[in-house]
Amino acid sequence: MALEFRQAREKAGLPKNLVLYCGRHDFGTRVLKKTGNLKLVMQTMGQVDVQTALKYQHPELDIVRTALNDTAPGVPPAAT
């Protein structure tokens, strides 16, 4: 499969640093981002080591900002 991918990459004129692994990494990253479920990513990709699966978790600053700006139920949000 790697040989076929390289041939297709060359035929399409894509850069050599685009490797087959890029697709796998992108898949894992997208599944984790959409679901937030690391266990699902691990099962889907056949991983047993959490450290390996964590490679697909990229910091999303908007998620952190939203979490920090959320208030407790019944507490009015602070003025911005």
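Across the protein, the mean pLDDT is 80, and 78% of the residues score at least 70. The model is a predicted one. Confidence is not uniform along the chain: helix α1 (residues 2-12) has the highest value, at 92, whereas helix α5 (residues 61-69) has the lowest, at a mean of 70.

The protein contains 5 helices and 0 strands. Read from the N terminus, the order of elements is α-α-α-α-α. Of the 80 residues in the protein, 14% are buried. The exposed surface of the protein amounts to about 6800 Å², of which carbon and sulfur atoms supply 60%. When contacts between residues at least 6 apart in sequence are considered, 26% of them join residues at least 24 apart.

Helix α2 was examined in further detail. This helix spans residues 20-35, 16 residues in total. The distance from its first C-alpha to its last is 24 Å, close to the 22 Å expected at 1.5 Å a residue. Four residues are buried in α2, namely Gly-28, Thr-29, Val-31 and Leu-32. These residues lie on the same side of α2, because the arc they cover around the axis is only 165 degrees. Helix α3 (38-45) is included in what covers the buried residues of α2. The other side of α2 carries the exposed residues Arg-30, Lys-33 and Lys-34. Just after α2 comes Gly-36, which has a positive phi of about 70 degrees.

The structure holds 1 salt bridge. The partners are Arg-30 and Asp-26, and their closest N and O atoms are 2.8 Å apart. Both residues belong to helix α2, where a separation of 4 residues places them about one turn of the helix apart. The two partners fall into separate accessibility classes. Arg-30 has a relative accessibility of 55% and therefore counts as exposed, the cut-off being over 50%. Asp-26 has a relative accessible area of 37% and is therefore partly exposed, a class that runs between 20% and 50%.

Beyond α2, two positions illustrate the surroundings of helix α3. Lys-39 is located in helix α3. Its relative accessibility is 57%, so Lys-39 counts as exposed. Between Lys-39 and Val-50 the C-alpha to C-alpha distance is 8.5 Å, with 11 residues separating the pair in sequence.

The second position, Gln-47, is found in the loop between α3 and α4 (50-53). With a relative accessible area of 12%, Gln-47 falls under the 20% limit and is therefore buried. Apart from neighbours within four places in sequence, the residues in contact with Gln-47 are Arg-24, Val-41, Met-42, Thr-52, Ala-53 and Tyr-56. One of these contacts, Arg-24, is a residue of helix α2, which covers residues 20-35. Val-41 and Met-42, also among the contacts of Gln-47, fall within helix α3 (38-45). Thr-52 and Ala-53 are further contacts of this loop residue, and both positions lie within the range of α4 (50-53).

Key
Residues numbered from 1 in each chain as written. Predicted model: local features only at pLDDT ≥ 70, side-chain atom pairs only at ≥ 80, totals over all residues. Heavy atoms only, no water. Buried < 20%, exposed > 50% of the residue type's maximum accessible area, 1.4 Å probe, protein only. Contact = heavy atoms within 4.5 Å. Areas by Shrake-Rupley, 256 points an atom, 1.4 Å probe, with all protein chains shown as cover. Expected span 1.5 Å × (residues − 1). Arc of directions from axis to C-beta. pLDDT = per-residue confidence, 0-100. Salt bridge = Lys/Arg side-chain N within 4 Å of Asp/Glu carboxyl O.
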